[in-house]
Every structure is written in structure tokens, then in C-alpha cells.
Amino acid sequence: MKKKLIPYSIILIFLIIFAVFYKSLKDTNIYTPETKINNDIPIFSAELLLSNENSNSTEIFELDKFYLLNIWASWCVPCRDEHPILMSLSKNNKLIIIGMNYKDNKKNAKKFLDELGNPYEKIIVDKNGTNSIEWGAFGVPETFIIYNNKIIKKYIGPLNNELLIEIQKIIK
Amino acid sequence: MIYSVTGHYSLILGLCVGLALVYFSIRNFRNSNQLDTKILTFSFLQLFFVLVSFISLIISFIISDFSNETVFNNSHTTKPLFYKISGTWGNHEGSLLLWLLVLTIFIFIFILRTNNQPIKYKILTVGFQQVIIIGFFLFLIQTSNPFNYLFPVPDEGLGLNPILQDPALAIHPPILYLGYVGSSIIFSSALAATTLKIVSTSWAIHIKKWVLISWIFLTLGILLGSIWAYYELGWGGFWFWDPVENVSLMPWLALTTLLHCILVLERKEILTSWVIILSIATFTLSMCGTFLVRSGILNSVHTFANDPERGLFILVFLFALIFLSLFIFFFFHQTSKNNSSNFFWLSKETSILVNNWFMMYFLSVVLIGTVYPIFLDVISSQKISVGPPFYHKLIAPFLIPFLFAMAIGPRLKWIRSDLKDKIYLISLLIISILISFFIVKNFNTNILINTILISSALYLFFITLRDFFSKKYKNFAQNTAHFGFSLLILSILFNNLFSSEIITNLKVGETYDNSKTKIVFESINQKKEKNYKSIIANFNITNSEGINNNLSPELRIYNQPNITTSEADIKTTLMKDKFIVINLVQNQDYFNVRYQVKPFMLWIWLSVIMISLGGLVSFLQKRI
């Protein structure tokens, strides 16, 4: 009996692996926003990019206002693509756009904004990337919509015109 | 048109021959006084049909026959002839046809060249191999037929992905496939030998050649892919721990371990279970790689098309093979009495066993890093990606004892040994520690671990270097490979430690200047080629020693498909590479410039070539 245990358990393990692979074949691998939205935003304090002051989450995010937090970096190519969309969103005064500068060089980040314009009200510096992890980000660019200190929507990857319309609907 | 028809029907004929071969093998196996000549004839016939089919596909590509769907999807009339031909295997269907071609070539050579083994074993290996070949035939004809007909016939094709239009990449797949497919021969023959209970010294000597062949090709295949990634993807790295790179590294690790076990088995009948399991693992890992890459579970440049049906076929086929081999292993294999437990602690056997466990550890790290995200996604629908830090942290510390074992192990004798010239070994150790300390001291990063890592690699380096000149030490092949490995680790470490990078945005005529490097963006030229337009930027770079270099990176805007690629300009010298790449900044006249100085790049490539050279020497060597 003991001798047969090893073969059976190995076969069982392989069956499990088969099942997992089989299921992952059926899933699409297009990134979908996580279902666990409606979470409270993380509490943090961090340096701000342009003013070189320190600030914290309660100062930045006030109640009863819509915020858009955008994680970006000057080295990130898709960030350049979505930048015009952020610029057009920044004209909407119902929405306050906060940037989070992810693992970037300050000089390059400023140059990026000089080139393409600055849609952000405030920019949080996330030099080592830990803040972004607390927000549950997977990479850059990523965008969160925040209302009453809660994340109500999350977009992974660059924003596009469809999402622009969706965001405009949300803040209405 | 005619070529597509020819190709298609010869594929079907090849499949029929495969079925006939299975029948002949079974008949011959029952009554096995001598090898049925039909087996050889039919194997040749099968090879012939696959070859005809492959050549038809190449011709369809050359004459740009867009009635063929594969040609339409992957070629274009303006493409240079060289890339028309290499485009044949630069896509899913064609690459599988190439795979099939190599499979049939290898089994044919196997039948021809295997002379001093039992007839039954030969027949059984052919049988198992035909199961694999038939599986691939079905896969090809069912889900990825390269000869699908298109009507109405389009005037122009869609073009080959520009980043695949590269000489290194034209030969990377064939070389890698030779390695992968070679492992299929090892797989079938290990299964055959297990069934017949002839896993023995003489079998080991026979299979060693095949292990070496696939190992050499696999090593070179990985190297070519890495070189390509270095200058074409424009990130300036040579290994990214991308899942697709990992799936080629895993069979390599398994195969390397197998090679070492075979070296033991050809002298003593021990480690038989290791050999069988590793033979199975190497091939199933190769197949698993094909599955992961082709099914679209992992996304990368290697993912040709996301078709779940294909993924399902490979998955079922892969697991059928795994269960078949598990069944054979547990049912037929009996571990011999003189098992691995009673080795003397200081002997070559023990050191190879130590090597095995280290390799298995590295293999599991890579395996977990690659597969775990998929599991996590399925089980908890969380998306994570495992990056280089995971691998570096888990692998680097274990490299240290591994390197020491690599230095000491080969000096030990079989069965029982004691270390001679201890003073010499210890003094070399001290020298290596001192040297590496002086190298690392100037850098305030992680002195301890870097010093130990470099000194262990240096230690192996010195010992193998000295053994080249020592007369009493004869194993040239092993020494070359180990020396190459120490050089590889050293180059990688130095490359990591001493690389520097400047990223900036520049306009034509602007100058970037920090205290060490001055980059002058001198001018821009435009050029028009047959299948792309290119923008060539000219930079003049002066470093702190006053050495002046002109570098001209390029942006290529391909017409079919319309994709922009950046071609890095790399100035390679013996000690360091200067690497510059530009990117467009949208709607601006700025260019994003990335300049890197990467020491010892050339040595990384050279050392891998040296490692495979060690394999080649061993392959050509007559057994003493």
C-alpha cells in the first residue's frame, strides 16, 4: 500500500496541474479591473514632486469630491499615449487629478511634464514603488477613480477615448 | 497553389506512413530476430514526405503565393528573399512543420546509427517516437495546417513582424528545435530502455551522444535568442526572466543534469531512476514550453496566435505523454540494490548527486516563477508577474556553494577519494577572495554577497584555468565547459556591477553633459529601403577618458505591417559594449535617448559558446 502511495499522489498532482492549465486556457488573458473595488484608499504620506513638500493621504483626498489617481512614469511609453486624455480630463473641474510618479527620475519626470503638459493637481513621488503596491497597482500606467476615500473604479493600462467617456459618466 | 496541394497531401501521406510504422513496429516487436527492413524504408519515406511538404512551403513563401493562408499572414512581396525563406518558420504553422521535419530526420538517423543495441529496444524506441510524430502530424493537420487555401487570392500579404526580421532570429528557431527534438529521442529511448529493463552502462554510452547533441543545440539556441533580445528589443539586457526565456531554460537545466547523470551511469550502474526521470522531464518540459507559448496563456513575441483549440490539443497530448511515461516508470522500473544512499561522501558520485540537487533547485525556482502566476490567476484570479528580483534573490546565494562544488567535484575520484594538494586549493581560495574583495570594495553595494559570489566564480575560474595546463588532468571537455561557466558567471556579475546608463531626451544639435560622459546629438539622416524607411541619428559620445565614439542608432518604420522598431547601435569592444538606442517622443522633435555602457558583454556570449564547445569536444571524443 505504501509503495502505491507515491505513484498515486504523483498522478494526482499532475491531474491538478492539468486542470489548472485547462481552466487557464478557457480564461481570457485580457486584464480586467479587479472586483475588489470599493476599498478604502491606503493611508500614506509622501513627498510631492513639484513643490518638494511632504503631504499625506488625508490632506490630498478630501471627502465628497471625485479624484483620479494616475500612476505614471516618464520612462513608460503607454503613459505618453494616455497623456492627452488626462489633459482633456484636467479641464473638467468636477474631477481632481492626482499623479503618482512611479520609480522615476525627478529631472526626467519634470521634463516629461514640460513637454506634454501637466494635468495633475498634485504629484506624489513614489521613488521605490512601495506606494503603488499599497494601492494594489500592477504596473504603469494605472488609474483609480476615488470618491469619499473609496476606490470606486480602477483601470489597468493606458486610458483611451472609450474610458474617457466612461469616466465622464461616472463623475456626472 | 500547386505547391500547397503537394505540401498538404504529402503531410497526409506522412501521417499514413507513421501509422504503418506503428503497425510494423508492433509486428516486428513480437518476432524480433532482426530489424524489419520496412521500418527503415518507411522512416525514410516519412522523412521524404515531410521534406517535400516543407520545401513546398518554402517555395510558396519564395514565390509569394498568397493563396496560401500562412504565406498571406506572414509574408509580403517587398520582403528580402532571406526573410521570405526564414518567414517559413517564423510563424506557428511553419515552425511546427519544421519541428516535424527535425523529428523525422532524427528518428531516421537514430535507426541508421544505433547498431550495438538490442533489436527490441530499437523497435520500441521507433514505436514511442512514432507516437510523438503522429501526435504532431495530427496537431498540424487538424489545428494548424500550413497549407490552408484562401479564395479570392489576395494581392498582397500582411508581412512578417519586423522584429522577427533579423538574421539571428532566422536561425534561432531551427537550432533550438534541434535541441528540443533531440530530447524527444532521449525520451522515447529512455522509455524503451525502461520497459525492456536495459537502463545500463552500455545504454548510457549509446544515449550520451544524443544527450550531447541536443544539449549543444539547446545551449546555442538559447544563446542566439539572447543575443537577438540584446540588440533588437532595445532594452540593453540579455536575459529578462521572461516566461518564454524560462521555458527554454528549464529543459536546458534538466538536460544538463541528465548529462551529468549519464556520465556516472556510463561507468557504474547507479542513478538509474535519476536518468529515467530526467529524460522524461527534459522532453515534457520542452513540450510544456511549447504549450505555454503557443496556447497564448503567456503573451510574448513568440505567441503567434491565441487559439484555445491548439492549446487544448497540446495540453491533452502533453499529459497523455506524461501519464504514459509515469505508467512505464512505475510499472517497469525497479531500483537496483546498490542505491545512491551508500556513496562514500567524498567521491565523484556524491559530487554529481550534489550537482543534481542544486540543478533541481534552480529548475524548481524557474518553474515556480513561470507557472505560479498562471496558478494564482486560476485559483484566486489575482494577476501577478514574477520579475528578475525573485530569480536573483533565490538563485544567487545558491550559486556560491554550487560554484565551489563545480570546482572541487571534478577533481575527485570515483568511488572513494581524498583531496590532494589541499594547500594549493586553499591558497587559490584565499587569492580569489582577496581579488574579489578589492574589486567590490569600490562599490558600496552589498559588499558581502558580491565578494563571496565573485570569489566563488573566480575560484572555479582559476582552478579550471590551471587544469588546462596540468598534464595529469585529462578531461578537456568537462574542463572547457566548467571554465566557460565560471567565465559566464563572472561576466554576468561584472556586467551587473559596472553597467551605467543615461536616459535623456535630446533634440538635434543638443548636448547632454554630466561630469563623466558627453553626448552630442549631431545630425539625422533618412534612408529608404525596400520594406522600411529609416531614420538614422548620429551621436558623438566622449567619455571621461577622452575616448570618442560615433554611434548611429536607427528607427525603422516598416511598411508591412506598419510597425516602428528601434535598432540599437552597439560598439563592441573586448572589454565593454557601448549601447545606444533612440525612441520617438510623440509629436515632438525630441528623441528619447538611452545610452548604456555594458562591460563584459562580449564575454557573456563567448563563455556560452565555450560551454557548448565543451559539449562538442565531448561529443567528438572517442571513449578512452
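Biologist: In this predicted model, which residue does B:Glu501 form a salt bridge with?
Modeller: Look at strand 1 (residues 500-506) of chain B, where B:Glu501 lies; its partner lies in strand 10 (residues 591-599) of chain B, so the pair ties together parts that are 93 residues apart in sequence. B:Glu501 is partly exposed, with a relative accessible area of 40%. The closest N and O atoms are 2.8 Å apart, and the partner is B:Arg594.

Biologist: And is B:Arg594 buried, partly exposed or exposed?
Modeller: Its relative accessible area comes to 24%. Buried would need under 20%, and exposed over 50%. That makes B:Arg594 partly exposed.

Biologist: Over in chain A, how many residues apart are A:Glu47 and A:Lys106?
Modeller: Their side chains meet in a salt bridge, 2.6 Å from N to O. A:Glu47 sits in strand 1 (residues 45-47) of chain A and A:Lys106 in helix 4 (residues 106-116) of chain A, so this pair links distant parts of the chain, 59 residues apart.

Biologist: What relative accessibility does A:Glu47 have?
Modeller: A:Lys106, across the salt bridge, is partly exposed with a relative accessible area of 31%. A:Glu47 also counts as partly exposed, and its figure is 29%.

Biologist: Which residue meets A:Arg80 in a salt bridge?
Modeller: A:Arg80 belongs to helix 3 of chain A and its partner to helix 4 of chain A, so the pair ties together parts that are 35 residues apart in sequence. Both side chains belong to buried residues. The N to O distance is 3.3 Å, and the partner is A:Glu115.

Biologist: Where does helix 3 of chain A bend?
Modeller: This helix covers residues 77-89, and the bend is about 40 degrees. A proline, A:Pro84, follows within four residues of the bend. The buried residues of the helix include A:Cys79, A:Ile85 and A:Leu86, as well as the bend residue itself. That residue is A:His83.

Biologist: How many salt bridges are there over all chains?
Modeller: The pairs we've gone through are A:Glu47 with A:Lys106, A:Arg80 with A:Glu115 and B:Glu501 with B:Arg594. There's also a network linking B:Lys208, B:Glu266 and B:Arg267. Over all chains, the count is 11.

Biologist: How many residues of helix 7 of chain B are buried?
Modeller: Helix 7 spans residues 167-195, and its first and last C-alpha atoms are 44 Å apart, close to the 42 Å expected. After the helix comes B:Lys197, with a positive phi near 55 degrees. The helix is mostly covered, with the buried count at 26 of its 29 residues.

Biologist: What is the area of the nonpolar surface patch that B:Val5 helps make?
Modeller: B:Val5 sits in helix 1 (residues 2-30) of chain B. A patch residue needs over 30% relative accessible area, and B:Val5 has 34%. Joining it are B:Met1, B:Tyr9, B:Tyr149, B:Phe151 and B:Val153, for an area of about 650 Å².

Biologist: Which element of chain B has the lowest mean pLDDT?
Modeller: Chain B averages 85, and 93% of its residues score at least 70. Helix 2 (residues 37-62) of chain B has the highest mean among the elements, 93. At the other end, with a mean of 79, is strand 7 (residues 564-567) of chain B.

Biologist: What ipTM does the predictor give the complex?
Modeller: Two scores come with the complex as a whole. The pTM is 0.79, and the ipTM is 0.73.

Key. Residues are numbered from 1 along each chain as its sequence is written. Chains are lettered from A and ligands numbered from 1 in the order in which they are written. This is a predicted model: local features need pLDDT of at least 70, side-chain atom pairs count only at pLDDT 80 or more; totals for chains, interfaces and linings use all residues. Side-chain values use heavy atoms; hydrogens and water are left out. Patches are made of residues with over 30% relative accessible area and no salt bridge: like charges are joined within 9 Å, nonpolar side chains (Val, Leu, Ile, Met, Phe, Trp, Tyr) within 5 Å. Accessible areas come from the Shrake-Rupley method with a 1.4 Å probe; for residues, only the protein chains shown count as cover. A salt bridge is a side-chain nitrogen of Lys or Arg within 4 Å of a carboxyl oxygen of Asp or Glu. Helices (H or I, at least four residues) and strands (E, at least two) are DSSP runs, numbered from the N terminus. Buried means under 20% relative accessible area, exposed over 50%, partly exposed in between (1.4 Å probe, protein chains only). The bend at a residue is the angle between axes fitted to the seven residues ending there and the seven starting there. pLDDT is the predictor's confidence in each residue, from 0 to 100. The expected span of a helix is 1.5 Å times one less than its number of residues.
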